[in-house]
Amino acid sequence: MTDVPTEVRVQAGDFDLGQELTRLRAGDARVGAVVSFVGTVRDMNDGASVSEMELEHYPGMTERALEDIVAQASARWPLYNALVIHRVGPLAPREQIVLVAVSSAHRGEAFAACEFIIDYLKTDAPFWKKEQTPDGARWVDARITDDSAKAKWAQA
């Protein structure tokens with residue numbers, strides 16, 4: 001199933017989780033499962049306190065990368081709808097940074113697709129993160145754990 005209605009948004013403003021999930025499943029009686037993931041900004045990273053995280057991206061390129069990730073997921077699982085919202089700009093600890101949500105007939109497909117999308121987003125989407133710490137600003141490096149999470153899908 002590859003013609004899945006997909007919405008990808010990269011935005012500075014926050015999102016309302018309840019409203020977004022309601023819109024995702026609205027009017028589709030086939031939906032038996034909606035799975036979502038919300039990522040938030042942590043106040044600690046690599047042993048240092050974080051007062052702010054700033055995200056940068058390349059407009060157009062980032063959205064295309066996210067759309068491609070969703071297309072890969074919809075080619076693997078029978079999804080009815082998919083939504084990815086990723087925030088950019090300065091964010092404070094506890095603020096929402098990303099939403100991935102999918103709908104399908106069954107929970108197993110929805111859970112797998114949602115996890116796949118966030119795992120690929122963490123490694124393949126062109127975002128750059130800079131944290132403000134007591135020792136000054138620092139760029140956030142890619143994590144080995146993110147690569148490992150993505151690698152498991154090659155075997156699935």
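**Note on the helix packing, sheets and cores of a predicted model**

1. The crossing of helices H2 and H3 is right-handed. In this model, which is predicted, helix H2 (residues 61–76) packs against helix H3 (residues 107–124) at an angle of about 150°, and the two axes lie 9 Å apart. On the side of H2 the contact is made by Ala-65, Leu-66, Ile-69, Val-70, Gln-72, Ala-73 and Arg-76, while H3 contributes Ala-113, Phe-116, Ile-117, Tyr-120, Leu-121 and Asp-124. Divided by character, the residues of this contact comprise 10 nonpolar, 1 polar and 2 charged.

2. The largest nonpolar core has 34 residues, and those that touch the most other members are Leu-66, Trp-77, Val-84, Val-100, Val-102, Ile-117 and Leu-121. Two or more residues of this core come from each of strand E1 (6–11), strand E2 (33–40), E5, H2, strand E6 (79–87), strand E8 (96–104) and H3. Among these elements H3 gives the most, with 9 residues. Leu-66, Ile-117 and Leu-121, which are named among the members touching the most others, also take part in the contact of H2 with H3.

3. Ile-117 deserves a separate remark. Leaving aside residues up to four places away in sequence, Ile-117 touches Ile-69, Val-70, Ala-73, Val-84, Val-100 and Val-102. A second core, separate from the one described above, has 7 residues and includes Phe-15, Leu-24, Ile-85 and Ala-101.

4. One of the sheets is open and is formed by 4 strands in the order E1-E6-E8-E2, with mixed pairing. Its edge strands are E1 and E2, each of which pairs on one side only, and the twist from one strand to the next averages 5°. Within this sheet, E2 and E8 run antiparallel and are joined by 8 bridges; Ala-33, for example, has Ser-104 in E8 as its bridge partner.

5. Two helices should be considered together with the sheet just described. Helix H1 (residues 17–25) lies across E1, E2, E6 and E8, and runs at about 25° to E8. H3 also packs on the sheet, where it touches E2, E6 and E8, and the direction of H3 makes about 145° with that of E8.

6. Another open sheet is likewise built from 4 strands, here in the order E7-E5-E9-E10, and its pairing is antiparallel. Strand E7 (89–91) and strand E10 (136–139) stand at the edges with a single partner strand each, so one side of each is left without a neighbour in the sheet. Neighbouring strands here are turned against each other by 25° on average, direction ignored.

7. The pairings within this antiparallel sheet can be followed strand by strand. Strand E5 (residues 52–57) is joined to E7 by 3 bridges, the two strands running antiparallel, and Glu-54 has Pro-90 in E7 as its bridge partner. E5 is also joined to E9 in the antiparallel sense, by 6 bridges, and here Glu-52 is partnered by Gln-132 of E9. Strand E9 (residues 127–133) in turn pairs with E10 in the antiparallel sense over 4 bridges, with Arg-138 in E10 as the bridge partner of Glu-131. E9 and E10 form a hairpin, with 2 residues between them.

8. Where does Tyr-58 lie, and is this residue buried, partly exposed or exposed? Tyr-58 lies in the loop between E5 and H2. Because its relative accessibility is 49%, Tyr-58 counts as partly exposed, the threshold for the exposed class being over 50%. Not counting residues up to four places away in sequence, Tyr-58 touches Glu-63, Pro-126 and Trp-128. As for its relation to the second core, which includes Phe-15, the C-alpha atoms of Tyr-58 and Phe-15 are separated by 21 Å, with their positions 43 residues apart along the chain counted as a separation in sequence.

Definitions and conventions
Residues are numbered from 1 along each chain as its sequence is written. This is a predicted model: local features need pLDDT of at least 70, side-chain atom pairs count only at pLDDT 80 or more; totals for chains, interfaces and linings use all residues. Side-chain values use heavy atoms; hydrogens and water are left out. Two strands pair if DSSP finds at least two bridges between them. Axes are lines fitted to C-alpha atoms, for helices over the stretch in contact, and angles run from 0 to 180 degrees between N-to-C directions. A crossing is left-handed if the near helix is turned anticlockwise from the far one by less than a right angle, and right-handed if clockwise. Contact means heavy atoms within 4.5 Å. Ala, Val, Leu, Ile, Met, Phe, Trp, Tyr, Cys and Pro count as nonpolar, Asp, Glu, Lys and Arg as charged, and the others, Gly among them, as polar. A nonpolar core is a set of buried Ala, Val, Leu, Ile, Met, Phe, Trp, Tyr and Cys residues joined through side-chain atoms within 4.5 Å. Buried means under 20% relative accessible area, exposed over 50%, partly exposed in between (1.4 Å probe, protein chains only).
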